[in-house]
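Here's a walk through one protein model, written for someone who'd rather look at the picture than at tables of angles. Have the viewer open and follow along.

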Amino acid sequence: MLTIKDYCLAESIQQAYELNRKKQNKILGGGIWLKCCHFPIQTAIDLSGLGLEGITETEEGFEIGAMTSLRQLETHEGLNACTCGAVKEALRHIVGTQFRNCATVGGSLFGRFGFSDVLTLFLGLEAFVELYPTGIIPIGEFAKMQPDDSILTKIFVKKDQGKTAYLSARNTSTDFPLAACCVSWKEGTLTASMGARPAKAAAFSRENVCLEDLEKEEFLEEFARDAAASVNFGSNRRASAEYRNYVTKVLIKRCLGSIKEGDR
Ligand SMILES: Cc1cc2nc3c(=O)[nH]c(=O)nc-3n(C[C@H](O)[C@H](O)[C@H](O)COP(=O)(O)OP(=O)(O)OC[C@H]3O[C@@H](n4cnc5c(N)ncnc54)[C@H](O)[C@@H]3O)c2cc1C
């Protein structure tokens, strides 16, 4: 059960950060993951008064506030148009609509959960995150860091996403994924972000790939094999390492197939 002793609606990001430096205090996103944790919270720090909710479209891309719900992302037309629907496909399987109305993108990324569709997606989109007080860093760098007392304030996604596809596999609908992939082709670079291995997402890239290469079955096989070989797979009660490795290769090839189809 979640127990919270004090509540603070933060008036500034500095105030939120100072409070968050105390170990027993916690930032509240949607609070859904926190509800599953069994430690008592001294002060819950609410960021909802800091204007961090919503998606702003700029000339170059999208600025996404950390308090934006997964549902707002899933239904955002501009983001989906730029990512060939990958954002919607990544998020629509997460539990249910009411759940996605509450869970925030900041809470989803900050934990760097191994099962995360959200991290797999944004790594595949080569997003940037803004941390207070660090500043803006590539999400790949952020994914490798351990959670600390910094605060995630924004996520940036560029508009020039090239061609993108996302797919995940689950034992049953709404369960955590047992494999998840976001594949993109942009300016000759093919990238596969692989999550739910069950470790957190990691990416593999190959340069100098032209769209005609995607027509070749042996190229698809080789890319999927090399991408899967670049990461480690583990076993848990959802799937064995061997099965995850196999399914990840299938998902990558299917993503490549839809990138190829989308080009026709
Ligand atoms: C039953 C269940 C099933 C799920 N299934 C999936 C799934 O299939 N795929 C998937 O990708 N995800 C899944 N999730 C995870 C979910 O989508 C959210 O990622 C999760 O609930 C966290 O979001 P939240 O807004 O509730 O964060 P919270 O619970 O509020 O916070 C999570 C952590 O992040 C910290 N935090 C929150 N916001 C910030 C911030 N801005 N800066 C710094 N720290 C912050 C909090 O202090 C806390 O430690 C599942 C979760 C549950 C409970």
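Let's start with some vocabulary: helices (H or I, at least four residues) and strands (E, at least two) are DSSP runs, numbered from the N terminus. Two strands count as paired if DSSP finds at least two bridges between them. With that in hand, strand 6 and strand 7 make a hairpin with 2 residues between them.

A word on where things come from. This is a predicted model, with local features needing pLDDT of at least 70 and side-chain atom pairs counting only at pLDDT 80 or more, while totals for chains, interfaces and linings use all residues. Residues are numbered from 1 along each chain as its sequence is written, and side-chain values use heavy atoms, with hydrogens and water left out.

**The hairpin and some unusual backbone**

Back to that hairpin: strand 6 (residues 128–132) and strand 7 (residues 135–138) are antiparallel and share 4 bridges. Glutamate 130 sits opposite isoleucine 136 of strand 7. In the loop between strand 6 and strand 7 you'll find proline 133, and the peptide bond leading to proline 133 from tyrosine 132 is cis, with omega near 10°. Another cis bond, also with omega near 10°, runs from arginine 197 to proline 198; proline 198 belongs to the loop between strand 11 and strand 12. Why flag such spots? Because most residues other than glycine have a negative phi, and most peptide bonds are trans. Arginine 112 is not a glycine, yet its phi is positive, about 45°. Look for arginine 112 in the loop between helix 7 (105–110) and helix 8.

**The annotated stretch and its parallel sheet**

An unreviewed UniProt entry annotates residues 1–162 as "domain: FAD-binding PCMH-type". UniProt positions are given in the numbering used here, feature names are shortened, and annotations may be inferred rather than shown by experiment. That span is 34% helix and 25% strand, and its end C-alpha atoms are 44 Å apart.

One open sheet has 3 strands in the order 1-3-2, with parallel pairing. Strand 1 (4–9) and strand 2 (26–28) are the edge strands, each pairing on one side only. Strand 1 is joined to strand 3 (residues 41–46) by 5 bridges, and cysteine 8 has isoleucine 45 of strand 3 as its bridge partner.

**Around the ligand**

Which residues come nearest to the ligand? Of the 34 residues around it (a heavy atom within 4 Å), those are Ile27, Gly29, Gly30, Gly31 and Thr104. The table lists backbone polar contacts, meaning pairs of N or O atoms within 3.5 Å; within protein, one must be able to donate a hydrogen and the other to accept it, and residues adjacent in sequence count only if both atoms are side-chain atoms.

| Residue (backbone atom) | Distance to a ligand oxygen atom |
|---|---|
| Isoleucine 32 | 2.8 Å |
| Tryptophan 33 | 2.9 Å |
| Aspartate 117 | 2.8 Å |

Taken alone, the ligand exposes 970 Å², and the protein buries 90% of that (areas by the Shrake-Rupley method with a 1.4 Å probe; for residues, only the protein chains shown count as cover).

**The antiparallel sheet and its helices**

Another open sheet has 4 strands in the order 9-10-11-12, with antiparallel pairing. Strand 9 (163–169) and strand 12 (202–206) are at the edges with a single partner strand each, so one side of each has no neighbour in the sheet. Strand 10 (residues 179–186) pairs with strand 11 (residues 189–195) over 7 bridges, and lysine 186 is partnered by threonine 189 of strand 11.

Helix 8 (residues 117–124) packs on this sheet, touching strand 9, strand 10, strand 11 and strand 12 (contact means heavy atoms within 4.5 Å). Its direction makes about 15° with that of strand 10. Axes here are lines fitted to C-alpha atoms, for helices over the stretch in contact, and angles run from 0 to 180 degrees between N-to-C directions. Helix 11 (residues 241–262) lies across strand 9, strand 10 and strand 11, at about 35° to strand 10.
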